[in-house]
Amino acid sequence: MMSDFSLLAALWFSAFTSATLLPGTSEAAFAAFLWQRPEAAWAAWLAVGSGNTLGSLTSYWLGRQLPERGQSRLSPRAVSLLRRHGVWLLLLAWLPVAGDALPLAAGWLRLNAWACTAALAVGKFARYALIWQGVSWLN
């Protein structure tokens with residue numbers, strides 16, 4: 001049987017990869033963990049929230065590494081939306097598929113890193129809090 005630390009590390013890694021262009025299933029892993037170990041819900045919430053936020057910040061950093069000039073290979077829709085709505089659109093970076101492009105585009109647009117971090121963290125932690133609430137209602 002895996003230790004709680006190992007399970008939390010696996011949750012963190014799942015959340016991290018889920019926030020990048022790599023596939024992941026952090027919501028299902030988080031819900032399963034909560035179902036089995038509700039007493040460790042706070043630790044699990046911190047693990048998935050921080051992992052998912054850092055995964056998006058990795059995408060943001062990768063976007064900053066792209067050249068400022070020239071044709072962007074980024075999602076034109078994500079760039080357009082971020083130009084129109086700004087940093088707070090990153091509250092929705094948890095959305096499937098489209099959300100992965102938002103931090104990358106935010107980095108390419110050179111949006112303020114601190115504001116991006118705040119918006120990403122609020123959105124990611126809020127999403128996992130809703131999942132936590134849903135599992136607790138079922139459990």
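This tour visits three sites in a predicted model.

**Helix α1**

Begin by selecting T17, which belongs to helix α1, residues 4–18. With a relative accessible area of 10%, T17 is buried, because that value lies under 20%, the limit for burial. Next, display S14 together with T17: a polar atom of the T17 side chain is 3.1 Å from the backbone oxygen of S14. Then add L22, P23 and G24 to the selection; T17 touches these residues, when those up to four places away in sequence are not counted.

**The loop between α4 and α5**

Move on to W94, in the loop that joins α4 (76–85) and α5 (98–108). W94 is partly exposed, and its relative accessible area is 32%. Select L92 and L95 as well, and show the surface: L92, W94 and L95 make up a nonpolar patch there, with a combined accessible area of about 230 Å².

**Helix α5**

Continue to α5 and colour its residues by burial. How many of the eleven residues of α5 are buried? Ten are, so the helix is largely enclosed by the rest of the structure. The buried residues to select are G99, D100, A101, L102, P103, L104, A105, A106, G107 and W108. To see what surrounds them, display α1, α3 (41–65), α4 and α6 (113–138), against which the buried residues of α5 pack. The helix visited at the start, α1, is thus one of the packing partners of α5.

Finish at R110, just after α5, and inspect its backbone: R110 adopts a positive phi of about 60°.

Methods: Residues are numbered from 1 along each chain as its sequence is written. This is a predicted model: local features need pLDDT of at least 70, side-chain atom pairs count only at pLDDT 80 or more; totals for chains, interfaces and linings use all residues. Side-chain values use heavy atoms; hydrogens and water are left out. Helices (H or I, at least four residues) and strands (E, at least two) are DSSP runs, numbered from the N terminus. Buried means under 20% relative accessible area, exposed over 50%, partly exposed in between (1.4 Å probe, protein chains only). A polar contact is a pair of N or O atoms within 3.5 Å; within protein, one must be able to donate a hydrogen and the other to accept it, and residues adjacent in sequence count only if both atoms are side-chain atoms. Contact means heavy atoms within 4.5 Å. Patches are made of residues with over 30% relative accessible area and no salt bridge: like charges are joined within 9 Å, nonpolar side chains (Val, Leu, Ile, Met, Phe, Trp, Tyr) within 5 Å. Accessible areas come from the Shrake-Rupley method with a 1.4 Å probe; for residues, only the protein chains shown count as cover. A salt bridge is a side-chain nitrogen of Lys or Arg within 4 Å of a carboxyl oxygen of Asp or Glu.
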